[in-house]
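New to this one? Here is a quick briefing to read alongside the sequence and the 3D view.

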Amino acid sequence: MNIPAKYNAQLVEEKWYRFWMENNYFHSEPDDREPYTIVIPPPNVTGVLHMGHMLNNTIQDVLIRRKRMLGYNACWVPGTDHASIATEAKVVAKLKAQGIEKSELSREEFIEHAWDWTREHGGLILEQLKKLGASCDWERTKFTMDEDLNKAVNKVFVNLHEKGLIYKGYRMVNWDPEAKTTLSDEEVIYVEQPGKLYYVNYNIEGSEEVVQIATTRPETILGDTAICVHPEDERFFHLKGKKAIVPIVNRSIPIIEDEYVDREFGTGSLKITPAHDPNDKEIGEKHNLEVIDIFNDDATLNRQGLHYEGMDRFKVRKEIVKELEEKGFLVKTEDYMHKVGTSERTKAVIEPKISEQWFLKMEDLVKPAIEAVLKKEEVKLVPHKFVNTYRHWMENIRDWNISRQLYWGHRIPAYYYSEGTSDYVVAENAEEALSIAKEKTGNKNLKAGDIRQDEDSLDTWFSSWLWPISVFDGINNPENKDFKYYYPTNDLVTGPDILFFWVARMIIAGYEFADEKPFEHVYLTGLVRDKKRRKMSKSLGNSPDPVELMESYGADGVRAGILMSSAAGNDLLFDEGLMLQGRNFANKIWNGFRLVKGWKVNSDSDQPDSSRMAIEWYQAKFNKTLKFVNEQFDQYRLSDALTAIYKLVWDDFSSWYLEMVKPQYGESMDSATFEATVAFFEDNIKILHPFMPFISEEIWQYFKERNTDEALIVSKYPEQGDFNESILESFEVIKEIISAVRNLRKQKNISFKEKLDLFVLKKESIETGFYALIGKMCNISKLIEIDEKIENALTFRVGSNEFFIPFKEEINIEEERSKLEEELAYHKGFLASVQKKLANERFVSNAPEKVIEMERKKEADALAKINMLEQSLAALKS
């Protein structure tokens, strides 16, 4: 068997992913096994793999691969989200580049362009996930605009409308003037920007007096319908019941009182513009104020803007400031930093706008989802700290604005049947709508051409909140075998930034439409940030390309690197050095494999005692580590699990076990030790496989010829065995002895080929079974227990036991004494500095407890070293 000297990640990854796909290992069908199901958080169909996806999907793959090996019927459902606003924005931009405006196209023409875009770009991110090693059931790939998912959305809309939970109403919404649609709160990014605070005087009607307000948006003055002051603010008592005159407009507006006003901010008096500020709208409703909308959908001013009609809002801001100044209304301006809401997709500044939209009543829908997480704990959030965030959002929930003014998406299944009126029916399709309209109106002559469907589409989340149900067709066909077998799913892995917008809504939908939780656990990953703790984004230029990272470090290296730095629920500070660590780990494993495969085996050889003890120790070490790993999986602490495996393989197996059992140069190994070593290696790569699937499968297949049923991906995960803790504790002592002897050899330039005698003055027990190991690892000819110290010997201590290596003739005793005295003087000086610090009451009182503990440890270590050096000097008698 020709084993390459160097591990080639690219060749291996392509080979084994193709092998897994060809043999259909990822596919799942209902059977008599216990299912383990994950549904992927569907990435935007037009998206590409970013670092957040890399972390999230690696975690999911680790979970699914481990459960597959544990004997579960593992099913990981992949898919993509149609991402209404994101996709529509990309299509609009593409058309603009071709000289085509969206307004020039019919809805059907635009939708066809959107489908073309989706077909061209939609599969990219899923192909990139394959490079990562994602073992999704690709045969089950879903898209939120699939026909069956669209049917489910319509069915749910109709159901909720029939229950009286969906209604149309005028509300203040986030309006994107570039995309010309409402946005959900999570699609609004608040960016701190420098601005101006403008101080403006309003004349008091029938008086020479003025009242001064401060605003960041002077263009909205044209929509003012009141001035508001605090009822207990003495500065404005004299204005009670009076009216002010809106500058430029010359409209008379009331001066009202409300405790909402912050007396300390600005001038203590507020201009109230109910059409363009959510807080102003609430005050307006409370005081029955007029609502004057001054903006068109593209944020130009309408006829209420007077001579500014048709101008862009930001141009109007500059022009109106000039006019206010010229007419003596502008008092002063100040620089002002404030947070401005911008569209996540178009980057346009959001305009608060009152608009007629479709809403879903949430007050009653949310109750089972609150109980499921906060009381019954049927759905558990990991880490638990996010429960309070969930509680806050859910207990303060508002009705959900579910409509969007977009073409791309699930069109609202409401149909208007009377020209010029708002009369409508709700139905799953046009045919049903016509039938219902005929019955409702009593007009049997209504035709398909007489009804028209609502122009709006549904919020993207209205389809994705059904995702765990709809991917198994549980809305349309709740009795189908897939839905009954795979639902509820087990684990959901996602980011905390969509805990409310997606996770909470899925829980709501689960109880409403399936009468069951959608999943058992929600593992909330941290966000991937750069070293400056900034969230990674293309706009900041701080996000590496995951595909390029995989090309440089291998998918296994990137997976290991990103997971070792990702503690549960905490943000990950990305460092490319972690990817290098992952790649180095892969190389270490490969080199260890080549070492083992290169050994000659002699079936007639007896097993040395040293190998027998090494095997006994490593078996215990493996079992203890496996117990810890399993516990970490139960707590979703995947980083800690991988770190434990890393230490086991790198330190315990490669650096210690293989060194303890490897045959002398040119010699062969006994078959019992070789078989045990291969078995250990195979168990190592089994528990490593979920994290680093490619290199583990490569090595697994190299160890011996296997059929397709014996592939590592479907092999049995190791069972946790008992372990003897005392043998592990004893070996820690043996490691210290071995390290001490090797260090002395190095310090004294004693060749490892030269055999040494080792004597021990025992004051505490040493596991004598390990003596053979010490002999092999240190090239000791004999290890003898003694009752008295040996003079003229190199000495060291391990615990309370003292060890002696008699001097050979070539060692200069005087020179050795000089070195020891010099080292002793250094450590005494160091001890004095530490003790001086600990004697300083001010230091001890003010320093953190951890710092004090560290200093005390330094003191203890120095005292032990001094004691050992003094005893070594005493042993050097002329």
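Helices here are DSSP runs of H or I with at least four residues, and strands are runs of E with at least two, both numbered from the N terminus. Counted that way, the chain comes out with 26 helices and 31 strands. Its radius of gyration is 37 Å, well over the 29 Å that the globule rule gives for 878 residues, so the chain is more spread out than a compact globule. Keep in mind that this is a predicted model.

**The chain as a whole**

- Picture a box of roughly 115 × 70 × 50 Å, laid along the principal axes: that is what the C-alpha atoms fill.
- Of the 878 residues, 54% count as buried.
- Take the contacts between residues at least 6 apart in sequence, and 77% of them join residues at least 24 apart.
- About 40,800 Å² of the chain is exposed, and carbon and sulfur atoms supply 46% of that area.
- On the charge side, there are 116 positive and 147 negative side chains, and the centres of the two sets sit 3 Å apart.

**Strand S14 and its partners**

- Strand S14 covers residues 351–360, and nine of its ten residues are buried, so the rest of the structure largely encloses it.
- Strand S5 (residues 166–176) runs antiparallel to S14, and ten bridges join the two.
- One pairing to look up is Lys168, whose bridge partner in S14 is Trp358.
- S14 also pairs with strand S16 (residues 400–401), again in the antiparallel sense, over two bridges.
- There, Phe359 stands opposite Asn401 in S16.

**A three-strand sheet**

- Strands S19, S18 and S20 make an open, antiparallel sheet in the order S19-S18-S20.
- Strand S19 (424–426) and strand S20 (452–453) are the edge strands, as each pairs on one side only.
- Strand S18 (residues 414–416) pairs with S20 over two bridges in the antiparallel sense.
- If you want a residue to click on, try Tyr415, which has Gln453 as its bridge partner in S20.

**Helix H21, tucked in**

- Helix H21 (residues 693–703) has eleven of its eleven residues buried, so it is largely enclosed by the rest of the structure.
- The buried residues of H21 include Pro693, Phe694, Trp700 and Phe703.
- Glu697 and Glu698 are among the buried ones too.
- What covers these residues? Part of the cover comes from helices H1 (9–22), H2, H5 (124–132), H16 (546–564), H17 (576–597) and H20 (671–688).

**Two residues to find**

- Arg404 belongs to strand S17 (residues 403–404).
- Is Arg404 buried or exposed? With a relative accessible area of 3%, Arg404 is buried, because the cut-off for buried is under 20%.
- Beyond its neighbours within four places in sequence, Arg404 is in contact with Thr181, Thr182, Leu183, Ser184 and Glu187, and also with Asp456, Ser457, Leu458 and Asp459.
- Thr460 is 56 residues from Arg404 in sequence, while their C-alpha atoms are 8.7 Å apart in space.
- Val48 sits in the loop between strand S1 (35–39) and helix H2 (51–69).
- At 29% relative accessibility, Val48 counts as partly exposed.
- Val48 and His121 are 73 residues apart in sequence, and their C-alpha atoms are 9.1 Å apart in space.

Conventions:
Residues are numbered from 1 along each chain as its sequence is written. This is a predicted model: local features need pLDDT of at least 70, side-chain atom pairs count only at pLDDT 80 or more; totals for chains, interfaces and linings use all residues. Side-chain values use heavy atoms; hydrogens and water are left out. The radius of gyration is taken over C-alpha atoms; the globule rule is 2.2 Å times the number of residues to the power 0.38. Buried means under 20% relative accessible area, exposed over 50%, partly exposed in between (1.4 Å probe, protein chains only). Contact means heavy atoms within 4.5 Å. Accessible areas come from the Shrake-Rupley method with a 1.4 Å probe; for residues, only the protein chains shown count as cover. Lys and Arg count as positive and Asp and Glu as negative; His and the chain ends are not counted. The place of a charge is taken as NZ of Lys, CZ of Arg, CG of Asp or CD of Glu. Two strands pair if DSSP finds at least two bridges between them.
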